[in-house]
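Please work through the following exercises with the sequence and the model at hand. Each task is followed by a solution in steps.

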Amino acid sequence: MSFSYLDYALRQPRHEVSESGLSVEAERAAGREPNPVTAGLLDLSREGFQLQTGTPLDVGEAVAITVPLERPGLGLRLTGTVRWQEPDGEAAGEARWRCGCLIATPLDWETLGELFLAGVLVRHEA
């Protein structure tokens, strides 16, 4: 089997959330139930984020989350589209799902830096 660099797609690095599964509300489009869905934010990149939910989401569905920041009243609102989903075992007898979402407009470097400074994202030493 041969490999062609023309088939290679560069992926942005994913950054882990400092708390395991930072709790966020995933707002779904009108008419989708349940809405909103409580989710854990697992990682974030400039172009996407990964959630863990107790409710399966539909591939292609639009979702919006707000990443809470320490200062009251501040938060980062991200809108994305579910690109993939897979089962993630069970917790407390309930099925769990992981899904990856593509952000509509990539985050700028300053915003990503602010998330590190606010302690939302962690940097791992190599």
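The exercises below concern a predicted model and treat salt bridges, individual residue environments and the nonpolar core.

**Exercise 1. Salt bridges between strands**

Task: Determine how many salt bridges the model holds, and identify which residue forms a salt bridge with R77.

Solution.
Step 1. A side-chain nitrogen of Lys or Arg must lie within 4 Å of a carboxyl oxygen of Asp or Glu. By this rule the model has 5 salt bridges.
Step 2. The partner of R77 is E27, with the closest N and O atoms 3.0 Å apart.
Step 3. R77 belongs to strand 6 (residues 75-91) and E27 to strand 2 (residues 22-28), so this pair ties together parts that are 50 residues apart in sequence.
Step 4. R77 has a relative accessibility of 45% and counts as partly exposed; E27, at 35%, also counts as partly exposed.
Step 5. R98 and D88 form a further salt bridge, at 3.1 Å from N to O. This pair links R98 in strand 7 (residues 94-103) with D88 in strand 6, 10 residues apart. R98 is partly exposed at 26% relative accessibility, and D88 is partly exposed at 25%.

**Exercise 2. A loop-to-loop pair and its network**

Task: Locate R32 and E61 in the chain, decide whether E61 is buried or exposed, and state which residues are joined with this pair into one network.

Solution.
Step 1. The side chains of R32 and E61 meet in a salt bridge, 3.7 Å from N to O.
Step 2. R32 lies in the loop between strand 2 and strand 3 (37-44), while E61 lies in the loop between strand 4 (48-53) and strand 5 (62-68); the pair therefore ties together parts 29 residues apart in sequence.
Step 3. Buried means under 20% relative accessible area. At 2% relative accessibility E61 counts as buried, whereas R32, at 31%, counts as partly exposed.
Step 4. Through salt bridges that share partners, R28, R32, D58 and E61 are joined into one network.

**Exercise 3. Two buried residues**

Task: Describe the surroundings of V67 and of H15.

Solution.
Step 1. V67 is located in strand 5 and is buried, with a relative accessible area of 0%.
Step 2. Residues up to four places away in sequence are set aside; V67 then touches L22, L41, G75, L76, L78 and V120.
Step 3. For V67 and V120, which are 53 residues apart along the chain, the C-alpha separation is 8.5 Å.
Step 4. H15 is part of strand 1 (residues 15-16). Its relative accessible area is 17%, and H15 is accordingly buried.
Step 5. With residues up to four places away again excluded, H15 touches D43, L44, S45, L112, F116 and L121.

**Exercise 4. The largest nonpolar core**

Task: Establish which residues of the largest nonpolar core touch the most other members, and which element gives the largest share of this core.

Solution.
Step 1. The core has 25 residues, of which L41, L44, F49, L51, I65, V67 and L78 touch the most other members.
Step 2. At least two residues of this core come from each of strand 2, strand 3, strand 4, strand 5, strand 6, strand 7 and helix 1 (109-117).
Step 3. Strand 3 provides the largest share, with 4 residues.
Step 4. F49 serves as an example of the contacts involved. Beyond its neighbours within four places in sequence, F49 contacts residues including L41, L44, V63, I65, L78, C99, C101 and I103.

Key
Residues numbered from 1 in each chain as written. Predicted model: local features only at pLDDT ≥ 70, side-chain atom pairs only at ≥ 80, totals over all residues. Heavy atoms only, no water. Buried < 20%, exposed > 50% of the residue type's maximum accessible area, 1.4 Å probe, protein only. Contact = heavy atoms within 4.5 Å. Core = buried A, V, L, I, M, F, W, Y, C linked by side-chain atoms within 4.5 Å.
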